[in-house]
Amino acid sequence: MKKTTEIDSVTPSIIIEKLCKRFGDHVVLQDFSLTVQKEENVVVLGKSGSGKSVLIKCIIGLLKPDCGNIQVFGENVPQLEHDQLDQVRARIGFLFQGNALYDSMTVRENLEFPLRRHWFDHSQQQVDALVIEALENVGLAHTVDLMPEELSGGMLKRVALARTMILKPEIILYDEPTTGLDPVTAREIDNLILKLQKKYHTSSIIITHDMNCVKNTADRVALLLDGRCYAQGTYEDFEHSADPNIHQFFE
Amino acid sequence: MALVTNIKAFFGETGNIAGFTGRFFSTGLKPRFEFRELLNQCYIIGYKSLPLIALTGFIMGLVLTMQLRPSLVDYGVESQLPIMVGIAIVREIGPVITALIFAGKIASSIGAELGSMKVTEQIDAMEVSGTNPFKYLVATRVLSTTLMLPVLTVMGDAISLFGAFIGVNIRSVTSFHLFFTQVFHSLSFGDVLPAFIKTFFFGFAVGIIGCYKGYTSSKGTRGVGSSANSAVVLSSVLIFIIDLLAVQLTDLLGLN
């Protein structure tokens with residue numbers, strides 16, 4: 001009896017079961033299953049074009065899978081109505097590969113945008129405080145009135161991370177957070193991810209093919225190959241694996 | 001074979017645009033409305049287009065008058081020049097030219113803006129952050145083009161008539177008062193109203209095509225470029241088609 005309650009108290013944040021997604025004749029995901037525990041960083045490793053981005057877009061409901069279940073906070077995402085989906089999305093952060101900052105708005109307006117959700121009732125002071133807190137977390141409080149075009153690539157990534165974090169989500173999905181950055185900046189982003197994860201106790205799925213990022217951030221690694229979850233394990237397991245499919249990422 | 005594919009593509013596209021328009025009426029017009037963004041778009045789309053519309057309208061009125069004059073002189077009805085020009089501008093040339101200039105400026109900018117937002121995932125980011133991008137981006141833009149083009153047309157017509165007044169005064173002399181009295185006496189509601197009403201449809205076409213092309217833009221710089229380009233081309237063609245239908249309809253209703 002005691003054991004079951006223990007299991008209940010540690011319900012996984014995300015459970016993906018037998019997910020399939022195809023575009024026309026091109027099968028991207030088939031029978032993909034993965035579970036993410038609370039406060040765990042799972043890195044999904046895979047080659048470019050292997051369907052990693054499609055996977056996290058399915059999780060947040062931007063794409064509808066052809067079959068399979070995605071349980072997030074106990075709700076099955078593909079079957080949710082728009083309003084319910086919105087409620088779930090408020091608890092999930094999504095860091096886009098290209099940052100997706102609104103380039104017609106200042107950094108402040110970019111960060112205020114997720115706070116526009118109609119069921120939130122914030123005063124202007126509260127909004128300002130949240131914006132400053134989010135920017136201080138990434139060390140960029142001085143950029144609040146700049147336009148995105150005035151910032152460097154690394155700063156843009158940090159502002160995008162601040163915008164993702166402003167609602168203090170319980171799950172964060174990172175789409176290639178370090179791609180296109182130099183190794184030093186990439187390391188800074190990795191550290192920021194770890195720092196924010198500790199501070200706000202989030203669970204995350206990190207999509208990447210950057211092995212330094214995997215080494216720094218992963219609690220667990222899952223390899224996406226041919227639309228399936230080919231292997232799971234720690235970074236060390238993968239590093240010492242003799243399987244050529246896994247080994248190729250370390251060459 | 002290529003012909004069949006082209007015809008299929010044409011009907012497919014037409015169906016998609018119809019679906020997009022339906023979505024505008026079903027989701028875009030439901031509360032809650034984005035009033036601030038609507039006002040912002042009215043400012044950008046309406047107010048910022050005024051100088052261009054004013055310039056082209058003025059030149060058109062002036063040139064039209066100067067071109068018409070010799071023919072009227074041949075017939076000895078030079079005094080009818082204000083009436084001719086007034087009717088031509090108010091009934092047809094004012095609305096259509098204003099709409100075409102407007103399409104060139106606005107459809108391309110909406111197409112390019114939404115297209116680049118689409119390819120840089122900003123539209124997805126909006127969706128994820130709980131704001132319906134269709135309402136925030138599409139509904140506001142379509143409404144503001146629909147509301148702003150009639151206003152711009154009225155202003156463009158007025159400036160055009162002023163251009164025509166100057167055009168008359170280049171070769172002969174007429175007073176401001178006499179010119180406008182002649183113009184307004186010649187115009188009836190049957191001239192003004194149908195011309196005014198059709199501009200709402202022109203504005204709607206420009207907005208919906210610009211947004212559709214941007215919203216469905218394909219990836220890459222070429223995708224954005226071609227969506228801006230085809231937005232202008234398609235909305236200009238649509239303006240002519242709507243104009244054709246509007247004229248037929250007013251003719252049938254006996255409003256001429």
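User: Where in chain A is A:Lys168?

Analyst: A:Lys168 sits in the loop that links helix H6 (153-165) to strand E7 (171-175) of chain A. Keep in mind that this is a predicted model.

User: What makes the phi of A:Lys168 worth a remark?

Analyst: Its sign. Most residues other than glycine have a negative phi. A:Lys168 isn't a glycine, yet its phi is positive, near 50 degrees.

User: And why is A:Lys168 called partly exposed?

Analyst: There are 16 other C-beta atoms within 10 Å of A:Lys168. Buried would take 20 or more and exposed 12 or fewer, with partly exposed in between, so a count of 16 makes A:Lys168 partly exposed.

User: Which element holds A:Lys18, and what is its phi?

Analyst: A:Lys18 belongs to strand E1 (residues 14-23) of chain A. Its phi is positive too, about 50 degrees, and A:Lys18 is not a glycine either.

User: How do you know whether A:Lys18 is exposed or partly exposed?

Analyst: Count again: A:Lys18 has 13 C-beta neighbours inside 10 Å. Exposed stops at 12, so A:Lys18 goes down as partly exposed.

User: What about A:Leu140: why does it count as buried?

Analyst: A:Leu140 has 20 C-beta neighbours inside 10 Å. The buried class starts at 20, so A:Leu140 qualifies. For orientation, A:Leu140 lies in the loop between helix H5 (124-137) and H6 of chain A.

User: Which residues does A:Leu140 touch, leaving aside those up to four places away in sequence?

Analyst: They are A:Leu135, A:Met155, A:Arg158, A:Val159 and A:Ala162. A:Pro169, for its part, is 29 residues from A:Leu140 in sequence and 20 Å from it in space, C-alpha to C-alpha.

User: How many residues of chain A are in contact with chain B, and what kinds are they?

Analyst: 15 residues of chain A meet 11 residues of chain B. The side contributed by chain A splits into 9 nonpolar, 2 polar and 4 charged residues.

User: Now chain B. How many helices and strands does it have?

Analyst: Chain B has 9 helices and 0 strands. Its C-alpha atoms fill a box of roughly 65 × 50 × 35 Å along the principal axes, and buried residues account for 41% of its 256 residues.

User: What share of contacts in chain B join residues at least 24 apart?

Analyst: It's 88%, taken among contacts between residues at least 6 apart in sequence.

User: Why are H4(B) and H9(B) called roughly antiparallel?

Analyst: Helix H4 (residues 81-119) of chain B packs on H9(B) at an angle of about 150 degrees, with the axes 8 Å apart. Over 145 degrees counts as roughly antiparallel, and therefore H4(B) and H9(B) get that label. Their crossing is right-handed, and the contact residues divide into 13 nonpolar, 10 polar and 1 charged.

User: How do H6(B) and H8(B) pack?

Analyst: Helix H6 (residues 133-171) of chain B meets H8(B) at about 145 degrees, with 7 Å between the axes. The crossing of H6(B) and H8(B) is right-handed. Among the residues making the contact are B:Val142, B:Leu149 and B:Pro150 of H6(B), and B:Phe196, B:Phe200 and B:Gly203 of H8(B). By type, the contact has 13 nonpolar, 6 polar and 1 charged residues.

User: How does the reach of H9(B) compare with what is expected at 1.5 Å a residue?

Analyst: H9(B) has 33 residues and reaches 47 Å from first C-alpha to last, close to the expected 48 Å.

User: Which residues of H9(B) are buried, and what covers them?

Analyst: Buried residues of H9(B) include B:Val224, B:Ala228, B:Ala231, B:Ser235 and B:Leu238. An α-helix has 3.6 residues a turn, so residues three or four places apart point the same way. The cover over the buried residues of H9(B) includes H4 and helix H8 (189-215) of chain B.

User: Then what makes B:Leu245 exposed?

Analyst: B:Leu245 is in H9 (residues 220-252) of chain B as well, but it has 12 C-beta neighbours inside 10 Å. Exposed means 12 or fewer, so B:Leu245 falls in that class.

User: What comes after H9(B)?

Analyst: B:Gly254 follows H9(B), with a positive phi near 70 degrees.

Conventions
Residues are numbered from 1 along each chain as its sequence is written. Chains are lettered from A and ligands numbered from 1 in the order in which they are written. This is a predicted model: local features need pLDDT of at least 70, side-chain atom pairs count only at pLDDT 80 or more; totals for chains, interfaces and linings use all residues. Helices (H or I, at least four residues) and strands (E, at least two) are DSSP runs, numbered from the N terminus. Axes are lines fitted to C-alpha atoms, for helices over the stretch in contact, and angles run from 0 to 180 degrees between N-to-C directions. Angles under 35 degrees count as roughly parallel, over 145 as roughly antiparallel, 65 to 115 as roughly perpendicular and the rest as oblique. A crossing is left-handed if the near helix is turned anticlockwise from the far one by less than a right angle, and right-handed if clockwise. Ala, Val, Leu, Ile, Met, Phe, Trp, Tyr, Cys and Pro count as nonpolar, Asp, Glu, Lys and Arg as charged, and the others, Gly among them, as polar. Two residues are in contact if their C-beta atoms, placed from the backbone, lie within 7 Å. The expected span of a helix is 1.5 Å times one less than its number of residues.
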